[in-house]
Every structure is written in structure tokens, then in C-alpha cells.
Amino acid sequence: MVQYSFDLYLLDVDERRLLRGNEEIRLRGKLFDTLRVLLENAGQLVRKDQLMQAVWPDSVVEENNVDHCISHLRKLLHPAKYIETVPRHGYRFVGEVKVVGEAKVAKPGPRLVTLEPVLLQPDVPEQEVQFFTTSDGVRIAYTIGGNGPPIVRLNSWLNHLDFEWKNAFRRNWLSKIMHHNTLLRYDQRGCGLSDWHVEDFSYERAVQDFEELIEETGLDRFAVVGGCQGGVIATAYATRHPERVTKLILHGAFANGWPAPSEIEKGQLDALLTLIRHGWGRDNPAFRQMWSTMFRPDASPEEMDWLNELQRIGASPENAAQMLSRFPSFKLLDLLPAITCPTLVIHSSNDASVPVQEGRLIAARIRGARFVELDSRSHQVVPGDPGWELFVEEFSAFMEWQEEDAAAKVEHAFKRA
């Protein structure tokens, strides 16, 4: 058993607990490991590369991951100043540390996983994609970056972190968010850069993946934005961990499973699943374009091509069908009255994928929720869409982006690379 004590604190390595007297301070994921490495090397300089290799041995990460953990630890241990910054080198724990038990100093090892360099266009900024392994052995891809209060985005059905980042509109909008907030994005199991060879696509597993992602990244309190089925996962998390969710944004979400339960809708879903399994992977994008048209009926030819390609590289035909077949069980209706954080519900008035009545129902069930109806036919609005300007204004106001006026926000969000 190994324990480190300093002043009123006791770090129990085996139990993974930090105590201040009789009070337990919740340290999750990488925050605990970062403090452990600093205490193991108390009084000595720990370089940033050493910290990255000791705390993230299976990932390639940026220095801002270390900086984020150090900043968070300093806030938790405030007002005492235990962690000293050695400019351009690393950090040193300067408090007096006593060791109970046989402590083994963590020695940085080689990185076990290396990421192949991404071939980006000259004007596309790089992003660091990291991975963690869930409790059932599935590797999940995620990326985190930006400045300010953290916000976590849950996907609408399929995603591909790399392909999304290369898209001019999506990159610029994500960069806009990251100008104001620290943004965490991920590819759900079975799609994008995450493992495709999985079997469990259930609702509970999706929620558990999200819970484990939060533990891995060490985020404490954060806003959550979820679209479509991602809104259900976001809502489930907010009800299970109300102390951690500061704000909730639901965009194009459904309330009682998708499609709405009825024999007619069930027959239509079965037909869609058959089309996906037999036509999704073909070079001819006609089968995938059916979905692209539902999501963005007024898309330009270039955007339609991009949506078609996103679906092709986002998931295998079988995975896409498996995910979709679970959507009838993704229900949040009974959870809504338990939501206590400020909530913004946004829905397009003529959404062909999820009817606007779903958004109205969700907002009506959450006490104090703000409902915004966009003049749009799109499941997800983009620049040039009639609902885009209002979407940006409502999103930025809800997230309290104060340093720019509304016109500047919209103008920036419209810019294309």
C-alpha cells in the first residue's frame, strides 16, 4: 500500500483517493495520475514530456493536456501553492511529502501507440486525436482543445473527427467554439476513428462510454451539447450527474425514441435498415444521399457530396444499421423533469428527420428551458441556411460569449476557409 501525505492531504495510490482531513476530494482519471507522478518526484523537476509519457502512455497528446491538469489541480489545492512552474521545462511539487509504504517512482516508458501523420491541406490546423479503452475493451477516439470553460459535444448519429476537421464550415464553427471554450469531441463506438469491430450498440453502453470518457479526460464541471440521439445521451448523463453539468443544449433531439413508435414507422425503419445493409457501401452514393437529403434538403452539391462521403467513411453498412436499429430505445421523455441545469432546446421548424414537435415536447418537460424554433428545413443548420443566424445568436448568448457583439459572432461563424 502506497500513500503520500502533505499538510492536511493524503493521496492513497491503491484506493485512488485524495483526502483532506476527513473530506474526500474527487480526482478523476488523469488528474489523479498527474498528482501521483508529481508526488512521486516531489522536489524534483518533472518535464512535460515525462508527464505526458507517464500519464498518457498509450496516446499522443499535446502539452495543453498537461497544462489543463496542472491548472485544475492548483484550483483544487488552493490557496496553498504546491506546484511550481519551471518555465519552458515543466513542473515541480514544492510541498513537504511523506511516504507511507513502498513507493515506486513512475519511469516514463515508450509511447505504445503512435498516430500516423494526417495529410492536411495547408490552411487546415492540426488537431491531436487521442484514444482510451472502455471497460468492455473498445478504443474510443477523442480530441480536446481550446480555451475557457469546458463544453462536451455528443454526435448526431455518425461522425469522423479527422474528416469533420477538414471541412471548412465545420472547422470554422468548431474553432469559434474553441475560442471561447475548451471543446471535447469524440467518435462513438463503431464509427469514425473509434473501433468498428464492436457488438454492443445499446443505449446503456452509449451512456457508459460517455461516462468513461469524462473520467478519462478528468473534466469536472462542463456544458454538454447533444443533437439527435446524442441529446438522449446528454440528458441521461445530466440526470445521473447533475452536479457536473453546468448547461445543456439539445439540438434536433427526439423525446421518445426514433422514429416515433407506431406500426407504420416500424415498417419504414425496417425498410431503411435493409437499404443501409445492402446499399450503403456501394460506390454509387444514391443510397446514402437519401439520408443526406433528409438531413439537409437544401444543401449545395458540394455539401451533399461531403455528407454522402461522411456516411461512407463514417461507418460500415452493418454498424450504421446496428446503430440506427437501437434508436427506438433511446428515450429521454421520463428523464426531462429531473433536469436542473439551464437548458436550451433548438429545433428546425420543418426538420424532415426529427419533427419539431419533439423539440417542443422536450422543452415543455424541462423546468425553465428556453425553446428556440429555427426557420429551416435542416436537421443541422449551416451557414447560408435561413436558421443559421438565429442559431449562432442563441448559442453564443446561452454560452455567455460576451466579448463580441451578435453581428460579429455571426460574421465570424459565416467565414469559410
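Biologist: Which residues touch the most other members of the largest nonpolar core?
Modeller: The model is predicted. Its largest nonpolar core holds 91 residues. Those touching the most other members are Trp157, Phe210, Trp258, Trp291, Leu324 and Ile362.

Biologist: Which residues does Trp157 touch, not counting those up to four places away in sequence?
Modeller: Contact here means heavy atoms within 4.5 Å. With residues up to four places away left out, the partners of Trp157 are Gln188, Gln229, Ile276, Trp280, Trp291, Phe295, Ala320, Met323, Leu324 and Phe327.

Biologist: What is the strand order of the open sheet of 8 strands?
Modeller: Pairing in this open sheet is mixed. The edge strands, each paired on one side only, are β9 (130-133) and β16 (370-374). The order is β9-β10-β12-β11-β13-β14-β15-β16.

Biologist: Which residue in β10 stands opposite Phe132?
Modeller: Strand β9 is joined to β10 (residues 139-146) by 4 bridges. The two run antiparallel. Opposite Phe132 stands Ile140.

Biologist: What angle does the direction of α12 make with that of β15?
Modeller: Helix α12 (residues 356-365) packs on the sheet. There α12 touches β14 (245-251), β15 (343-348) and β16. Its direction makes with that of β15 an angle of about 165 degrees.

Biologist: Is the crossing of α6 and α7 left-handed or right-handed?
Modeller: Helix α6 (residues 203-217) packs against α7 (residues 229-240) at about 65 degrees, axes 10 Å apart. Phe210 is one of the α6 residues in this contact, and Tyr237 is one of those in α7. The contact residues divide into 9 nonpolar, no polar and 3 charged. The crossing is right-handed.

Notes: Residues numbered from 1 in each chain as written. Predicted model: local features only at pLDDT ≥ 70, side-chain atom pairs only at ≥ 80, totals over all residues. Heavy atoms only, no water. Axes fitted to C-alpha atoms, helices over the stretch in contact; angles between N-to-C directions. Left-handed = near helix turned anticlockwise from the far one by under 90°. Nonpolar A, V, L, I, M, F, W, Y, C, P; charged D, E, K, R; others polar. Core = buried A, V, L, I, M, F, W, Y, C linked by side-chain atoms within 4.5 Å. Buried < 20%, exposed > 50% of the residue type's maximum accessible area, 1.4 Å probe, protein only. Pairing = 2+ DSSP bridges.
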